[in-house]
Amino acid sequence: MRIERLFRGVAAAFLCLLAAASQIIISAAADVTLTDAGGRTVQISDASRILSVGGDITEIIYALGADARLVGVDSTSQFPAKALKDKANVGYMRALSIEGVISVGATLILASERAGPPEVVKTLKTTSVPYVEIPDQYSPQGIAAKVRLVARAIGAEAEGEQVVRQVEADFKALADGVKRIKQPAKVLFVLAAQNGRATVGGQGTSAHAILELAGATNTAAAVAGFKPLTDEAIIELAPEVIITMRRSSGNDGHDTNQLLTMKGVQSTPAGAANRLVVMDGLYLLSFGPRAPRAALDLMRQIYPELGGEPAGSHTGATK
Amino acid sequence: MTAAVPIAARAREGGRLASPHALVAVSALALLVAAFLSVSIGPTGITLASLPRVLAAIASGQHDAATAREQLVLLDIRLPRLLLGAFVGAALAVSGAMMQGMFRNPLADPALIGVSSGAALAAIATIALGNGLAGPVTKAFGVYALPFAAFLGGVSTTLVLVLMVGRSGQLSVSTLLLAGIAVGALSGALTGLISYASDDRELRDLTLWMLGSLSGASWPKVLAVLPFALLIALALPGLVRALNGLLLGEAEAFHLGIDVDRAKRIIVLVTAAAVGAAVAVAGVVGFVGIVIPHLIRLVAGPDHRVVLPGSALLGATLVLLADLLARMLLRPAELPLGVVMALIGAPVFLHMVVKRGVGGG
Amino acid sequence: MLEARHLTYTTGSSTLLRAVDVGVRPGRILVLIGPNGAGKSTLLRLLSGDLKPTQGQVLLDGRPLGAFAPSELARRRAVVPQASALSFPFTVLEVTMLGVTVPGFGLSDAEAGKAALDALASLDMTDLKDRSYLHLSGGERQRVHIARALCQLAMPAWRSGQTRCFLLDEPTASLDLAHQTQVLAALRRQADAGHAVLAVLHDLNLAAALADDIVLLARSEVVAAGSAQEVLRDDLLSSAYGCPVRTNQTPQGDRPFVLPPAVFATHVARPARSLANGGGAHVLAN
């Protein structure tokens, strides 16, 4: 009797192992067929060497724990910092070199729909290496879709769902925080300030989207895209808080000084009250999995009365 | 141009480093070497050793993944890039030589007749309006919308210029120069206006395009520039006499039997076509038009019988070598061709201007 | 024969030439003289086809200049300019050979080279042939252009009835005395070969020595035309130049005066002329 039970137990364990092993083999060997952002049907059989073109896509791959399979990234893949250090760099995502991309020897290319130049993208889509275009939408649904598509392409759907759950939880925390806002603040997002002219984020930009997510009103919503504004225009917008991007040198004082030299800025409520916030640009704008946390941090910067700890580990901590 | 006796002696005593034949031969050799390097070297490490395999695979119709990759790199990436690069270099250098002959100034540049600024204006309009107003048109042309627009823009600006200035029947070089500068300024202003209205992404695309690159090289583009290459090849021999005569001065050229107005019109139009096509496929690449003809003149004299073919050959060589550097220095990323060219060309240009060893006043 | 008939040329509001009649005959040298601004260079440019007359005609062997294609015209006339804009480092031989690039000459390189060398030799410039044009003095450059024009004239196959013209604007301006003689002798040889030669000269003594016919231009009009004796007269010259001009007089006292050697060179003046006939006048101006 006991031997039979033992035998059955071993057989059961063996079968479970077999099932698990076959799952792994199947999932690795099984062709994944999906429709990418460009509407193309792509078939992926080998996801062991991945090239990622787009900072948000690289972030997702690291979040999925698949970075061991990542062989190349583009120059906008600045989070995590080791991405550019460890992996081959194919250059700026809109200035790809066709032979350079091929030389990386990837078996799967995941590229933002913003990758370019168009002729190179066109040729890449004709090679035998699967090219998956990842959509770029600045919304909670967009981020979830992005994560799921990447996860499906690399065969890590379980991990993908985990990341999506985390992202959704983060968005919930964000929404809870936003609910407590009594009065939306009027905020201006300044991409860069030079020579007395500030480039601000208007309608349709990732800056606009993150401001809205953070429960603020984008005072520059009348402008389309990232546009330079004159001093007078900025005064007229009268923002209560100004957000600006940190330079790579990380000297925050320098950035706020640059802004404060502009007369227009000085005359705004934000300038008068010294409500100038400097944050990491890619953290705020790349709309990867960290987006809801970035929005939460932004919200806390804009509404310090709401209190709370900075969300999550990132290199974008503000003072 | 040379009587049999005085060639060798003349080469040395005239301060020349080489006879015309020697220069053309050396330039042709240099081009062959550059072409060979261009097609054998690249970030993937594939060399011409793979060529027999690839040809065999094409012949037999059987491909495996490795030969498919080699075929893609050798025949669909490097070879069209080589041909396009050679065309761009030859076209820009020869256009520079013609402009310098026509304006009688070794520092003259095709940009003076408004070609480059017209092409840039058309390019930015395409990039900026391609998503909006001109959407259907750009979709119809696909990836060729930009080159086509750039070419049209370059040639149109020049044509308008020539028609304006030539209305009185005389195509005055000084008027052409001033009008070219004015048209260039106008194009620049319109470009600035449109770039103001563009968004961040479009601006970045335009900036990259303006830096020049051969990365979009493809066989359809090679076929597209083929007529221009033929046009230039056919027009050039007939222009040698006119260009030499024009160096003496327009009145003198007329006395020597050259129909000066007709010659100038042809020179301007051939230059516009050549530069327009080059800018259309490679963006803005500078310095080739000034540096190369200058070097040829330094070495073998200003006779256009040697300056024109020599410029074509050496211009092609220079662009191919610059493109090689652009592709390999930061691999797997790529430097813009215009940047590499500027890094090479600007110091040489500066030396030219400072030394003024071009035979000026 | 190259002739101007009732030629008038106006630009804007100024009249540079008024009703000018001038004829350059084959085998003869016509010299244009006159004060600055008289219209000599303008007349030369009209005769060479650079400018189109406002009124009147320029005829070459009876055909209006406008009826000639540039290449055809270039086979019939050569022009030596007053100054050249050349600023590229051609060698002397190369500049001379440009005279051979006229369409229709159909010469081999060897023939072209020989013709250029001959032209240079006739002006005593053979040892300069490989020098860069830009390293030459003003006078040497002038002679190179003369050599170029000589080359151009020597080229086309001779056809009787077709006049060939040689037009020169101040060819002796930068030349020293020896070279003046040389150039003028070359002009005489051209005339002897049957070409029609027209030269604008500043130096009245050289004009007197060289010319078969002289035309005096002043204030945009022809004031006098004829032989040296007929034109180089005190009254005509004084009125044209606006200052007292005395011919055939030597200065008082023992101040020396120097006439250009060309005046005395026998191979400059027309061989038939002799001093006994009063041929050879010299002119002194205050």
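The expected span of a helix is 1.5 Å times one less than its number of residues. I start from this rule because the first element I looked up is a helix whose length I wanted to check against it, and I keep in mind throughout that the model is predicted.

**Entry 1: helix α12 of chain B**

I took helix α12 of chain B, residues 260-282, and counted 23 residues, which should span 33 Å; the end C-alpha atoms of the helix lie 32 Å apart, so the expectation and the model agree. I then asked how much of α12(B) is covered, and found that 18 of its 23 residues are buried, so that the helix is mostly covered. Just after α12(B) I noted B:G283, which has a positive phi, near 75°.

**Entry 2: α4 against α13 in chain B**

I next looked at how α4(B) meets helix α13 of chain B, residues 288-300, and read an angle of about 70° with the two axes 7 Å apart. Because angles of 65 to 115 degrees count as roughly perpendicular, I record α4(B) and α13(B) as roughly perpendicular to each other. On the α4(B) side the contact is made by B:G89, B:L92, B:A93, B:S95, B:G96, B:A97 and B:Q100, and on the α13(B) side by B:V288, B:G289, B:I290, B:I292 and B:P293. Sorted by class, this contact of α4(B) with α13(B) holds 7 nonpolar and 5 polar residues, with no charged residues.

**Entry 3: chain B against chain A**

I turned to the contact between chains B and A, which takes 25 residues from chain B and 25 residues from chain A. On the side of chain B that touches chain A, α4 (65-103) and α9 (200-210) of chain B each supply at least two residues, and α4(B) gives the most, with 6 residues. By class, I found 10 nonpolar, 6 polar and 9 charged residues on this side of chain B.

**Entry 4: chain B against chain C**

Which elements of chain B supply at least two residues each to the side that touches chain C? The contact itself joins 31 residues of chain B to 35 residues of chain C, and the elements I found are α1 (7-13), α10 (219-248) and α11 (250-255) of chain B. Of the side of chain B that touches chain C, α10(B) gives the most, with 5 residues, and the residues of that side divide into 12 nonpolar, 12 polar and 7 charged.

**Entry 5: the sheet of chain C**

In chain C, I followed an open sheet of 4 strands in the order β2-β1-β4-β5, with antiparallel pairing. β2 (14-24) and β5 (63-64) of chain C stand at the edges with a single partner strand each, so one side of each is left without a neighbour in the sheet. Helix α1 of chain C, residues 40-48, packs on this sheet and touches β1, β2 and β4 of chain C, its direction making about 120° with that of β1(C).

I then went through the pairs one by one. Between β1(C) and β2(C), which run antiparallel, I found 7 bridges, and C:A4 stands opposite C:V22 in β2(C). The hairpin of these two strands has 2 residues between them, and there C:G12 takes a positive phi near 55°. Strand β1 (residues 2-11) pairs with strand β4 (residues 55-60) of chain C in the antiparallel sense over 5 bridges; opposite C:R5 I found C:Q57 in β4(C), and opposite C:T8 I found C:Q55 in β4(C).

Conventions. Residues are numbered from 1 along each chain as its sequence is written. Chains are lettered from A and ligands numbered from 1 in the order in which they are written. This is a predicted model: local features need pLDDT of at least 70, side-chain atom pairs count only at pLDDT 80 or more; totals for chains, interfaces and linings use all residues. Two residues are in contact if their C-beta atoms, placed from the backbone, lie within 7 Å. Ala, Val, Leu, Ile, Met, Phe, Trp, Tyr, Cys and Pro count as nonpolar, Asp, Glu, Lys and Arg as charged, and the others, Gly among them, as polar. Axes are lines fitted to C-alpha atoms, for helices over the stretch in contact, and angles run from 0 to 180 degrees between N-to-C directions. Angles under 35 degrees count as roughly parallel, over 145 as roughly antiparallel, 65 to 115 as roughly perpendicular and the rest as oblique. Two strands pair if DSSP finds at least two bridges between them. A residue is buried if 20 or more other C-beta atoms lie within 10 Å of its own, exposed if 12 or fewer, and partly exposed in between; C-beta atoms are placed from the backbone.
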